[in-house]
Amino acid sequence: MASTVLLVEDESKIRNLVRSYLERAGLLVVSTGSGAEALTLHAEASPDLIVLDLGLPDIAGGTVAAEVRRTSATPILILTAKAGEADRIAGLELGADDYLTKPFSPRELVLRVQAILRRSGAADGDTTTSFGEGRVVIDVDRREVVVDDAVVELTPTEWTLLTALSASPGRVFSRFELINRIRGHEFDGYERTVDSHVKNLRRKIERDATNPQLVTTVVGVGYRFGLSRDPR
Ligand code: CA
């Protein structure tokens, strides 16, 4: 399954050029020149990555990035006309994963996009990501989790929780963020619901559910995935 890129750029010349390079690299591209439409498309198309121009006519790109980050961990590559170091840092603080200053080479953009997709485990081809020296292996295409060499059956909600957390090992997810992820499966999205799903998930994947190592609690905030991703 090809990865989907949401391309947000109001200059149609750049948008069309970048679009054709990404498509030639085998990626599916959804594009828009509007920040407001970008947020709708992000919710509807669930892209694997967003290429986001900071200078948009309706909503500032930074606001779009912050809004995306509020509800998801979708990787963001920022495009900007500003070249200063301070801007670079500000871009990364928005939660962006990478940053390109205009004018940029479309070929370099494709390489950066592919690198981010590989890191986030959404790249084409090998859909398997391994964690903790092979202790946990997640195959998103086969929708399969192997823990300590045994296949573990997860409910759709547990699967969503685990893949959301493990997409960014070490990153803390608030319960609210996790509710948004599992909302597709149920409607009683309360914080206690997240806790009970985590409890069930732990029973299935932890060696000792009373001393969890994979899905760890961050007191007062939420949860995070405790293993690091193995090199490919
Ligand atoms: Ca622009």
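Which spacing do the donors of the calcium ion follow along the chain? The donors follow the pattern D-x42-D-x1-G. The views below are taken from a predicted model.

**Figure 1. Protein donors of the calcium ion.** The calcium ion is bound by Asp-10 (OD), Asp-53 (OD) and Gly-55 (O), which lie 2.2 to 2.3 Å from it. Along the chain, these donors are arranged as D-x42-D-x1-G. Asp-10 and Asp-53 link distant parts of the chain, 43 residues apart: Asp-10 belongs to the loop between E1 and helix H1 (12-24), and Asp-53 to strand E3. Asp-10 is partly exposed, with a relative accessible area of 30%. Asp-53, in contrast, has a relative accessible area of 3% and is therefore buried, the limit being under 20%.

**Figure 2. The buried face of helix H2.** Helix H2 covers residues 35-45, and Gly-35, Ala-38, Leu-41 and His-42 are buried within it. Viewed down the axis of H2, the buried residues fall within an arc of 105°, so they line one face of the helix. An α-helix has 3.6 residues a turn, so residues three or four places apart point the same way. On the other side of H2, Ala-43 and Glu-44 are exposed. The buried residues of H2 pack against three strands, E1 (4-8), E2 (28-32) and E3 (49-53), and against helix H3 (61-71).

**Figure 3. The two ends of helix H2.** At the start of H2, Ser-34 places a side-chain oxygen within 3.2 Å of the backbone nitrogen of Ala-36. Just after H2, Ser-46 adopts a positive phi of about 40°.

**Figure 4. Salt bridge between Arg-69 and Asp-97.** The closest N and O atoms of Arg-69 and Asp-97 are 3.4 Å apart, and the two residues form a salt bridge. This pair links distant parts of the chain, 28 residues apart, with Arg-69 in helix H3 and Asp-97 in the loop between helix H4 (85-93) and strand E5 (98-101). Arg-69 is buried, at a relative accessible area of 17%, whereas Asp-97 is partly exposed at 35% relative accessibility.

**Figure 5. Salt bridge between Arg-171 and Glu-177.** Arg-171 and Glu-177 form a salt bridge in which the closest N and O atoms are 2.7 Å apart. Here the arginine, Arg-171, is partly exposed, with a relative accessible area of 24%. Its partner Glu-177 counts as buried at 9% relative accessibility.

**Figure 6. Salt bridge between Asp-195 and Arg-175, and a salt-bridge network.** The side chains of Asp-195 and Arg-175 meet in a salt bridge with an N to O distance of 2.7 Å. The pair links distant parts of the chain: Asp-195 lies in helix H8 (residues 191-205) and Arg-175 in helix H7 (residues 175-182), 20 residues apart. Asp-195 is partly exposed, at 23% relative accessibility, while Arg-175 is buried, with a relative accessible area of 17%. Elsewhere, Glu-9, Glu-11, Asp-53 and Lys-102 are joined into one network by salt bridges that share partners. Asp-53 of this network is also one of the protein donors of the calcium ion. The count for the model comes to 13 salt bridges.

Conventions. Residues are numbered from 1 along each chain as its sequence is written. This is a predicted model: local features need pLDDT of at least 70, side-chain atom pairs count only at pLDDT 80 or more; totals for chains, interfaces and linings use all residues. Side-chain values use heavy atoms; hydrogens and water are left out. Buried means under 20% relative accessible area, exposed over 50%, partly exposed in between (1.4 Å probe, protein chains only). Helices (H or I, at least four residues) and strands (E, at least two) are DSSP runs, numbered from the N terminus. The arc is that of the directions from the helix axis to the C-beta atoms. Contact means heavy atoms within 4.5 Å. A polar contact is a pair of N or O atoms within 3.5 Å; within protein, one must be able to donate a hydrogen and the other to accept it, and residues adjacent in sequence count only if both atoms are side-chain atoms. Donors are N, O and S atoms within 2.8 Å of the metal (3.2 Å for Na, K and Ca); water is not among the atoms, so sites may look incomplete. A salt bridge is a side-chain nitrogen of Lys or Arg within 4 Å of a carboxyl oxygen of Asp or Glu.
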